[in-house]
Every structure is written in C-alpha cells, then in structure tokens.
Amino acid sequence: MTENVLLASHMEAAALKQAELAQRLNKHIERLTGRPGTLQDRHIRNWLTGKTSWPQTRQRLALEAEFGVPADALGFRRPVRHGSGEHPAPSNAPSEDPVKRRRFTSAAVGFTVSALLPVPAATSRRRIGMADLDELETAFDQLIASDNLAGGTVKLETRALAFAHHAQERLAVGTMSERVKDRLYLLAAAFTGTALWAAVDDHAPDRARGHLERALHMARLSKNPEIELRLWGHAALLASQRPGGLREALDAAQIARRSAACRRDPLFSSFASARLAGVQAQAGDHNGSLRSMEIARKAFQKADPGAQRPAWIGFYDAAELDGLSAVVMSRIGRHAEAEAHLHRTLGGLRPGYVRNRRYYTASLALAQLHQREPEQACATALRALPDQASDSLTGRTGLLLNRFDKGLTSMAPGAQCTSEWTARYVTNKGQQS
C-alpha cells in the first residue's frame, strides 16, 4: 500500500484536520443519500496511511464533491478484480521502504496548516494581481531553503503540493491578466516540481512520476523555459534511478540541455550540461561525459553571477559545479580526481546547504574507499552521519552510506575503524526507524 500524499496535500491546502474532513464528508453523504454519513477521523487516517486504498462509492462521491477532483486525483486506486484483464504489479516491482511508510504516516497525520494562504471563495471572482502572488513567491523560497537544509522529505513534498493547489485554485476562482495567469501556472509548476524533487530525493519513484506529469503540464501552460529545464533535469534523475531507465534519462537530460533557457543564460547551460555529463557517465559514455563537463565549466565562467534568476537555481555555484564534476569522475573510475573535486566542494559550500554537505561528504568517503584508504574513509563517513533528530540517512545520502558500509566491511572486515563505523551506523539506522 502506498501512502496517500495527494489526499494529504488537498487537506493541507484546505486547512482541514481529519475530524473536520469527516464532518464535511458526512454532510455531503447526507445530501447525496438522505441519510447522515458515519465517517470518523479514523477513516480519514486509514485513507492517509493507505490502509484503505479505495473508499466506498458514497464516500468517493463525497470526497469528489468536497475537493472538486476525481478520486484517483486524490491518490485513491481502484482494486484489481480477478478476471478483469487487469494485472497487479509484478511481485518483484520496487516498493518503498517500510521506514518511509512510517515517516509518511506521522507526516500526513501530523501536518500543520498555520502557514497556508487563505483561498478566495469560488463565488468572489475577485481580481488577482501580481501583488497577490508575493506570498506564494515567499512560500516557494522557504520551501527551497527547507530542501537545502533537510533534503527531500514527505513533509516537504506534502507542503509543496498544498501550495501548488493554492496556485491552481487562484487560477480557477479569480480574474487576472495574461501576465498574472502565466505566473500562477509557473508557481503551480514550481511547487509541483519541488514535490517531484522531494520524491526523487527520497527515492519514491511512484509518487515522483505522478508529480512529473502534472508539473510538466503546468510548465507548458506557463510558457517558461526555465521551469521546464528544471523539470526535465528531475525527470532525468528519476529515470536514472530505475533499472533500464538510462536511455530515458539521457533523452530527458538532452531536452534540458537544448532548452531556450540555456541559450539565454550561460549558467543554465552550465547546469544542464553538468547534469547531462552525470547521466552520460552513468551510461558508460566516458568521453561524452568529459566533453559535457568541459562545456559546463566554460559556460559557468561566462555566466553573470549577479543576474536575477529563480530561487531554485540558487544552489548552483562553483562548489556545486565541483560536486557534479566529482560525480562524473567517480562514475568513470577516476577516484583521485573525484576526491580533489569533493574537497573543493566541501570547502566552498555555503552554510545553509546541509543536505548537500552530507551528500558530498558521503561521496568523499566512497572516493577514499575506492582508493583503498579505509581508515581515512571511515573518518570521513562518520562526519556524514546525521544527529538523532535528522532524517538524512534516507534518500540519496542514505544509499551512498549503505554502499559505503558494504564496501568497508568487504575491504577491511576486521579493522578497528570498521568496528567503530558499524557501531555508529547501526545506531543511526535504528534511530531513523
């Protein structure tokens, strides 16, 4: 069963708690059937956690009346009927880690709504201007800062979707100029793109694919090439995480590289080229990846550091370029060069980029391990472990540390540094669960 992020985001957008939603749905059921509904907050909790994946017909109709979208857009999935010709997913299909399911349960049940924006009534049809978008712009900047700090979490994903709903609701209930309309579509795409990135960073491909389709639709309506570049970059990383997905990842990265945004601004060209280089290296095209990285470096040197750009690209600086260079060097087996790039990255990362610091520290530990320096690698990897309150062992950083753990125990099973690492690593994994 998959946790229902979409229902959670609709509830958060409407500032509805579980008991409040149950009461509202019971009123809808009474209008539909003539008899009051009997839903309680426990039913809503079962929907949020995925325990109930397909509510009863009258409950689905009430949900659709409340939120104005079909049940499948609220994250519900019709059960497969035997003999219907429909087949469930293969038993070997990738599934999300139970720890992620427990994290979602607490996030979806315990989300807060105090920071959400009021939604104008559907009957008001008030005029919406650029000034009305300031709060949404601020919220987007805050979500980007949260991602830089903690990485892709279910909480970030849910809140991003909630703000995307706010942008779409304003499109539905207000009158506005073409400029404002385009900006609202851009914000809807940007928020959904942040939810997409959170799911990709958290290695939740099923949720990520749904976000990608919606985000690309909104991006096309916004007519903004910069947000499309961002989304195709996320699409490339998502595809690269799937077995057999490297062809699709290369195609997505190439689309990003050919974006009009790259022609307008060398910084976007540098970023897209560096991301393409990483996919090429993963696909085994070593020469192509090195050529793309050289293009990225030359474009970066041409970029105006003071130009006005969207908040999501703010992380891409000289330190990040070195970090992406290290990824390429590691994938083509040049681990000493990867280590040199990573030292420069860690020396240049700005203080707010905690997630990236942990990710690149774990990458450095792996580079050192590949050079058969287990003691140095252990000391580095220990710095990548999170404190008790953090969730950073999950997602991409967690996968790197898992690879490091397996590599270290294989290379130096009896070493003192291995014992120290194992004790700390097991303790941290226990805290995350």
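Helices are DSSP runs of H or I with at least four residues, strands are E runs of at least two, and both are numbered from the N terminus. That's the vocabulary for the exercises below. The model is predicted, so local features need pLDDT of at least 70 and side-chain atom pairs count only at pLDDT 80 or more, while totals for chains, interfaces and linings use all residues. Residues are numbered from 1 along each chain as its sequence is written, and side-chain values use heavy atoms, with hydrogens and water left out.

**Exercise 1. Take stock of the whole chain.**

Work out how many helices and strands the protein chain has, and what share of its residues is buried.

- Step 1: run the secondary structure count, which gives 20 helices and zero strands.
- Step 2: sort residues by relative accessible area: buried is under 20%, exposed is over 50%, and partly exposed is in between (1.4 Å probe, protein chains only). Of the 433 residues, 52% come out buried.
- Step 3: add up the surface with the Shrake-Rupley method and a 1.4 Å probe, where for residues only the protein chains shown count as cover. The chain exposes about 20600 Å², and carbon and sulfur atoms supply 51% of that.
- Step 4: look at contacts, meaning heavy atoms within 4.5 Å. Among contacts with a separation of 6 or more, 69% are between residues 24 or more positions apart.

**Exercise 2. Check the length of helix H8, then see what surrounds it.**

Compare the expected span of H8 with the distance between its end C-alpha atoms.

- Step 1: the expected span is 1.5 Å times one less than the number of residues.
- Step 2: H8 covers residues 178–201, so its 24 residues should span 34 Å, and the end C-alpha atoms are indeed 34 Å apart.
- Step 3: check the cover; 20 of the 24 residues in H8 are buried.
- Step 4: step just past the helix, where His203 takes a positive phi of about 55°.

**Exercise 3. Find the nonpolar cores.**

Which residues have the most contacts inside the largest nonpolar core?

- Step 1: link up buried Ala, Val, Leu, Ile, Met, Phe, Trp, Tyr and Cys residues joined through side-chain atoms within 4.5 Å.
- Step 2: the largest core has 105 residues, and the ones with the most contacts inside it are Phe191, Leu229, Trp312, Tyr316, Phe404 and Trp421. H8 gives the most to this core, with 15 residues.
- Step 3: zoom in on Phe191. Leaving aside residues up to four places away in sequence, Phe191 touches Leu136, Ala139, Phe140, Leu143, Ala160, Phe163 and Ala164.
- Step 4: apart from that core lies another one of 18 residues, including Ala22 and Leu74.

**Exercise 4. Sort out the salt bridges.**

Pick out three salt bridges and say whether each partner is buried, partly exposed or exposed.

- Step 1: apply the rule, a side-chain nitrogen of Lys or Arg within 4 Å of a carboxyl oxygen of Asp or Glu. The whole structure yields 17 of them.
- Step 2: Asp202 pairs with Arg207, with the closest N and O atoms 3.8 Å apart. Asp202 is buried at 0% relative accessible area, and Arg207 is buried too, at 7%.
- Step 3: Glu248 pairs with Arg242 at 2.9 Å between the closest N and O atoms. Glu248 is partly exposed at 42%, and so is Arg242, at 31%.
- Step 4: Arg247 pairs with Asp251 at 3.0 Å between the closest N and O atoms. Both lie in helix H11 (residues 246–257), four residues apart, about one turn of the helix. Arg247 is exposed at 52%, whereas Asp251 is partly exposed at 36%.
- Step 5: follow the shared partners, and Asp147, Asp201, Arg355 and Arg396 join into one network.

**Exercise 5. Test the cysteines.**

How many disulfides does the rule give?

- Step 1: the rule asks for a pair of cysteine sulfur atoms within 2.5 Å.
- Step 2: the count comes to zero disulfides. Cys378 is in none, and its nearest cysteine sulfur, that of Cys417, is 3.6 Å away.
- Step 3: check burial; Cys378 is buried at 3% relative accessibility, and Cys417 is buried at 13%.
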